[in-house]
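Here is a short briefing to read alongside the model. Take a moment to look over the chain, and then follow the notes below topic by topic.

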Amino acid sequence: MKKNNFAFKPINYIFLAISASIIIVGFVLMSGSGSTDKAFNPDIFSVRRTKVAPAVVFVGFVSVIGAILYRPKEEATDEENAE
């Protein structure tokens with residue numbers, strides 16, 4: 001008879017975990033060695049670090065917003081069906 005009044009359902013937490021992992025993958029794609037004063041590393045301007053990784057991180061942040069705003073449909077209980 002007790003109704004859970006939690007803000008999130010378990011599916012929201014699953015979507016949040018997936019979104020957080022997408023963000024982590026984006027930051028891992030962005031990482032790598034940088035240039036020093038003595039040696040220039042042209043890899044810092046690679047497509048993976050300048051275009052792909054920020055797009056992946058952006059998709060991750062947008063999916064976090066979607067996971068927060070997602071509201072699953074309510075299932076009818078037996079008491080509601082009796083009425």
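I23 sits in helix α1, and in this predicted model its relative accessible area is 11%, so I23 is buried. Its C-alpha atom lies 4.8 Å from that of V57, although I23 and V57 are 34 residues apart in sequence. Once neighbours within four places in sequence are set aside, the contacts of I23 are V57, G60, F61 and V64.

**The chain as a whole**

- What does the secondary structure of the chain come to? There are 3 helices and 0 strands, and from the N terminus on the elements follow the order α-α-α.
- Helix α1 covers residues 10–30, while α2 spans 47–69 and α3 spans 78–82.
- The chain has 83 residues, and buried ones make up 16% of them.
- Among contacts with a separation of 6 or more, 64% join residues 24 or more positions apart.
- About 7000 Å² of the chain is exposed, and 65% of that area is supplied by carbon and sulfur atoms.

**R49 and its surroundings**

- R49 has its place in helix α2. Is R49 buried or exposed? With a relative accessible area of 11%, R49 falls under the 20% cut-off and therefore counts as buried.
- How many salt bridges does a search of the whole structure find? The search finds 1, and the side chains of R49 and D43 meet in a salt bridge with an N to O distance of 3.9 Å.
- As general background, side chains of opposite charge can pair when their charged atoms come close.
- The two partners can be set side by side: R49 is buried at 11% relative accessibility, whereas D43 is partly exposed at 33%.
- The side chain of R49 also reaches the backbone oxygen of G32, at 3.0 Å.
- Not counting residues up to four places away in sequence, R49 touches L29, M30, S31, G32, S33, D43, I44 and P54. That list holds both D43, the salt-bridge partner, and G32, whose backbone oxygen the R49 side chain reaches.

**N41 in the loop between α1 and α2**

- You can find N41 in the loop between α1 and α2. Its relative accessible area is 17%, so N41 is classed as buried.
- Which side chain does the side chain of N41 meet in a polar contact? The partner is the side chain of S33, at 3.1 Å.
- Leaving aside neighbours within four places in sequence, N41 is in contact with S33, G34 and S35.
- S33 is worth a second look, as it is touched by R49 and is also in contact with N41.

**Aromatic pairs**

- The structure holds 3 aromatic pairs. One of them is F15 with Y70, an edge-to-face pair with 5.4 Å from centre to centre and 75° between the planes.
- This pair links distant parts of the chain: F15 belongs to helix α1, Y70 to the loop between α2 and α3, and the two are 55 residues apart.
- F15 is partly exposed at 32% relative accessibility, and Y70 is partly exposed as well, at 39%.
- F40 and F45 make another pair, with ring centres 6.2 Å apart and planes at 35°, so this pair is tilted.
- F40 is exposed, with a relative accessible area of 57%, and F45 counts as exposed at 57% too.

**A nonpolar patch on the surface**

- Which residues form the nonpolar patch on the surface? They are I14, F15, I18 and Y70, and together they have about 360 Å² of accessible area.
- I18 is found in helix α1. Its relative accessible area is 44%, and I18 therefore counts as partly exposed.
- Why can F15 and Y70 belong to such a patch? Patch residues need over 30% relative accessible area, and F15 has 32% while Y70 has 39%.
- The patch also ties in with the ring pairs, since F15 and Y70 are both patch residues and form the edge-to-face pair described above.

Conventions
Residues are numbered from 1 along each chain as its sequence is written. This is a predicted model: local features need pLDDT of at least 70, side-chain atom pairs count only at pLDDT 80 or more; totals for chains, interfaces and linings use all residues. Side-chain values use heavy atoms; hydrogens and water are left out. Patches are made of residues with over 30% relative accessible area and no salt bridge: like charges are joined within 9 Å, nonpolar side chains (Val, Leu, Ile, Met, Phe, Trp, Tyr) within 5 Å. Accessible areas come from the Shrake-Rupley method with a 1.4 Å probe; for residues, only the protein chains shown count as cover. A salt bridge is a side-chain nitrogen of Lys or Arg within 4 Å of a carboxyl oxygen of Asp or Glu. Helices (H or I, at least four residues) and strands (E, at least two) are DSSP runs, numbered from the N terminus. Buried means under 20% relative accessible area, exposed over 50%, partly exposed in between (1.4 Å probe, protein chains only). Rings of Phe, Tyr and Trp (its six-membered ring) pair if their centres lie within 6.5 Å; planes under 30 degrees apart count as stacked, over 60 as edge-to-face and the rest as tilted. Contact means heavy atoms within 4.5 Å. A polar contact is a pair of N or O atoms within 3.5 Å; within protein, one must be able to donate a hydrogen and the other to accept it, and residues adjacent in sequence count only if both atoms are side-chain atoms.
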